[in-house]
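Visitor: I like to see how a label follows from a number. Could you take me through this chain that way?
Guide: Gladly; let us look at it together.

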Amino acid sequence: MTNEIVAEFDHAPVHSDRGYCEAIIRVEPEIALLVRMLDVVYRRQGYPMQRAHYLLMLRLLEGPRTSGELATELVLDHSTVTRQISAVEKCGLVRRRVNPDDGRSALFEATDLGVAQCALMRHLRLERLSIMLGDWEEAERTRFADYISRFNKALLAMENAGAFSMENYGEPCRQYRDPCGY
């Protein structure tokens, strides 16, 4: 199936008449494929925790957080973070305590089990990345890490600036509706 997906992208029509540079034209379908393949791999790997829970736990490994802080840092709405906290709390990965700075709110922190599960998850992910990038030169891996970090920072900055809202793309985008209803 992977070869079919790659072949589909290799033969997709590319319209460069909008003034985009060749690199941007090449990156766009590669990102679409990357997102798709990450979803496929994630579903098949049998990781010990959901990706959303892992990202939340990584923040808590840095220190206790309020649900509002987690929502801001993870770029999620508060209700989503509340559901995620509830799920990891039920699994024993997180505990809540009274916020000493504001007795009305709670601070959430990783439990010993949460720390151990994150360590296992990280080990599995690092092991698989090591295999995937095993034939790359160290300089290539370093550049890749630098570029993906820079890309993620740009993505976050655009999201924080509201750049991805439909209002910012003008009338043609507002008129477009996915035929599948998305």
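Visitor: To begin, what covers the buried residues of H4?
Guide: The cover of H4's buried residues includes H3, H5 and S2. Do keep in mind that we are looking at a predicted model.

Visitor: Which residues of H4 are buried, and what makes them line one face of the helix?
Guide: Ser67, Leu70, Ala71 and Leu74 are the buried ones in H4. Looking down the axis of H4, these buried residues fall within an arc of 100°, so they line one face of the helix.

Visitor: What follows H4 in the chain?
Guide: Val75 comes next, with a positive phi near 55°. Val75 sits in the loop between H4 and H5, and that positive phi belongs to a residue other than glycine.

Visitor: Why is Val75 called partly exposed?
Guide: Val75 has a relative accessible area of 33%. Buried would need a value under 20% and exposed one over 50%, with partly exposed in between. Val75, at 33%, is therefore partly exposed.

Visitor: Let us move on to H5. How does the reach of H5 relate to what is expected?
Guide: Helix H5 runs over residues 78–90, which is 13 residues. From first C-alpha to last, H5 reaches 18 Å, close to the 18 Å expected at 1.5 Å a residue.

Visitor: Which residues of H5 are buried, and how do you know that they line one face?
Guide: Thr80, Val81, Gln84, Ile85 and Val88 are the buried residues of H5. Down the axis of H5 they fall within an arc of 135°, so one face of the helix is lined by them. Exposed residues on the other side of H5 are Arg83 and Lys90. Elements covering the buried residues of H5 include helix H3 (51–61), helix H4 (67–74), strand S1 (94–98) and strand S2 (106–110).

Visitor: Why are H3 and H5 called roughly perpendicular?
Guide: H3 and H5 pack at an angle of about 90°, with their axes 10 Å apart. That makes H3 roughly perpendicular to H5, because the label applies to angles of 65 to 115 degrees.

Visitor: Which residues meet where H3 packs on H5?
Guide: From H3 come Ala52, His53, Leu56 and Met57, and they meet Val81, Gln84, Ile85, Ala87 and Val88 in H5.

Visitor: What makes His53 count as buried?
Guide: His53, found in helix H3, has 11% relative accessibility. The cut-off for buried is under 20%, so His53 counts as buried. Leaving aside residues up to four places away in sequence, His53 touches Gln84, Ala87 and Val88. His53 and Cys118 are 65 residues apart along the chain, and their C-alpha atoms are separated by 9.4 Å.

Visitor: Which other residues of H3 are buried along with His53, and what puts them on the same side?
Guide: Besides His53, the buried residues of H3 are Tyr54, Leu56, Met57 and Leu60. Around the axis they cover an arc of only 165°, which puts them on the same side of H3. What covers them includes H4, H5, S1, S2 and H6.

Visitor: Why are H3 and H6 called oblique?
Guide: H3 and helix H6 (residues 112–132) pack at about 120°, with axes 10 Å apart. Roughly perpendicular covers 65 to 115 degrees and roughly antiparallel starts over 145. An angle of about 120° falls in neither range, so H3 and H6 are oblique to each other. H3 passes H6 in a left-handed crossing.

Visitor: Which residues of H3 and H6 meet?
Guide: Tyr54, Met57, Leu58 and Leu61 in H3 meet Gly114, Val115, Cys118, Met121, Arg122 and Arg125 in H6.

Visitor: One more label: how do you know that Thr111 is buried?
Guide: Thr111 lies in the loop between S2 and H6. With a relative accessible area of 9%, set against the limit of under 20%, Thr111 is buried. Not counting residues up to four places away in sequence, Thr111 touches Gly92, Leu93, Val94 and Arg95. Of these, Gly92 comes just after H5 and takes a positive phi of about 85°.

Visitor: How many helices and strands does the chain have?
Guide: The chain has eight helices and two strands, in the order α-α-α-α-α-β-β-α-α-α along the sequence. Of its 182 residues, 21% are buried.

Notes: Residues numbered from 1 in each chain as written. Predicted model: local features only at pLDDT ≥ 70, side-chain atom pairs only at ≥ 80, totals over all residues. Heavy atoms only, no water. Helix = DSSP H or I, 4+ residues; strand = E, 2+ residues; numbered from the N terminus. Expected span 1.5 Å × (residues − 1). Buried < 20%, exposed > 50% of the residue type's maximum accessible area, 1.4 Å probe, protein only. Arc of directions from axis to C-beta. Contact = heavy atoms within 4.5 Å. Axes fitted to C-alpha atoms, helices over the stretch in contact; angles between N-to-C directions. Parallel < 35°, antiparallel > 145°, perpendicular 65-115°, else oblique. Left-handed = near helix turned anticlockwise from the far one by under 90°.
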